[in-house]
Amino acid sequence: MASASSFSSSYTKYEIRKRNPNPKAAALLVIDVQNYFSAMARPILQNLLTTIRLCRRASIPVIFTRHAHKSPPDYGMLDEWWNGDLVYDGTPESQLMPELDRRGPDEDRVFDKNTYSAFRNTGLEEYLKEKGVEEVIVTGVMTNLCCETTAREAFIRGYRVFFSTDATATSDRELHEATLKNMAYGFAYLVDCKRLEDGLFSGDIIRN
């Protein structure tokens, strides 16, 4: 999989609809912020940490995903597509970045995955239903692969989706921007750290 610098983007460029997350119904998804993707994730790390802390302050559960492969049967098409350059379970590259503001396993759940979607054969949806979650805020890497696929699946499964423009990252700006445009058009409300803070703590509910 590609690795390169990442880019932030203001939500205002592509925003079509506006809405604030409901902290009583939302969960934060931190997608695949692992050592393998560290070069891509580090430029957005402060925005990501800010997003995590804002959600904790609002009592929004924080959920991490970790992409890793255990054996050839779970490689799927990714092995062919990325010419064998996969993230293998048990390696240092497969571990979540130590800089993440993580708490104990009883508070911060980690779901392992082996494809782009965080919903496929992971137990994530069952966990969200158990917690009464109706909205997800998507952050992490890569914007146009696992983050976008997870956001699309969440929407199709009936969750209201918020997609971070400045706490997601991918291999180049064009791919990042293309996802934001797609998300805003058909799948998600765009947010950045400032919009999230204002929406969670200003007391103003935006619903357009």
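Let's start at one spot in the sheet: Leu28 stands opposite Ile137 in strand E4. The model you have in front of you is a predicted one, and this pair of residues is a handy place from which to walk through it. Leu28 belongs to one face of strand E1, together with Ala26 and Val30. Strand E1 and strand E4 pair in the parallel sense, and six bridges hold that pairing.

Now turn to the rest of E1, which spans residues 26–31. Its other face carries Ala27, Leu29 and Ile31, and the residues on both faces are all buried. Since six of the six residues of E1 are buried, the strand is largely enclosed by the rest of the structure.

What does E1 pair with besides E4? Strand E2 is joined to E1 by four bridges, and the two run parallel. You can pick out individual partners here: Leu29 stands opposite Ile63 in E2, while the bridge partner of Val30 in E2 is Phe64.

Strand E2, residues 62–67, is mostly covered too, with six of its six residues buried. Val62, Phe64 and Arg66 lie on one side, and Ile63, Thr65 and His67 on the other. Notice that Arg66 and His67 are among these buried residues.

From E2 we can step on to strand E3, residues 109–113. These two strands pair in the parallel sense over five bridges. His67 of E2 stands opposite Lys113 in E3.

Lys113 also leads us to a loop residue. Thr122 sits in the loop between E3 and helix H4, the helix of residues 124–130. Is Thr122 buried or exposed? With a relative accessible area of 14%, Thr122 is buried, because the cut-off for that label is under 20%. Leaving aside residues up to four places away in sequence, Thr122 touches Phe111, Asp112 and Lys113. Its side chain also has a polar atom 2.6 Å from the backbone oxygen of Ala118.

Next, have a look at helix H7, residues 193–201. Its buried residues are Cys193, Arg195, Leu196, Gly199 and Leu200. They cover an arc of only 160° around the axis, so they are on the same side of H7. What do these buried residues pack against? Their partners are helix H2 (45–57), strand E4 (135–141), strand E5 (160–169) and strand E6 (189–191). Strand E4 is thus a contact of H7 as well as a pairing partner of E1.

A word on the cysteines. How many disulfides does the structure hold? It holds zero. A disulfide is a covalent bond between the sulfur atoms of two cysteines. For Cys146, the closest cysteine sulfur is in Cys147 at 7.0 Å, which is too far for a bond, because a disulfide needs the two sulfur atoms within 2.5 Å. Seen from Cys147, the closest cysteine sulfur is in Cys146, again at 7.0 Å and too far for a bond. Both residues are out of sight: Cys146 is buried with a relative accessible area of 5%, and Cys147 counts as buried at 0% relative accessibility.

Finally, let's step back to the annotation. An unreviewed UniProt entry places the annotation "domain: Isochorismatase-like" on residues 26–192. The end C-alpha atoms of that span lie 16 Å apart, and the span is 34% helix and 22% strand.

Key: Residues numbered from 1 in each chain as written. Predicted model: local features only at pLDDT ≥ 70, side-chain atom pairs only at ≥ 80, totals over all residues. Heavy atoms only, no water. Buried < 20%, exposed > 50% of the residue type's maximum accessible area, 1.4 Å probe, protein only. Pairing = 2+ DSSP bridges. UniProt positions renumbered as here; feature names shortened; annotations may be inferred. Arc of directions from axis to C-beta. Contact = heavy atoms within 4.5 Å. Polar contact = N/O pair within 3.5 Å; in protein donor to acceptor, adjacent residues only side chain to side chain.
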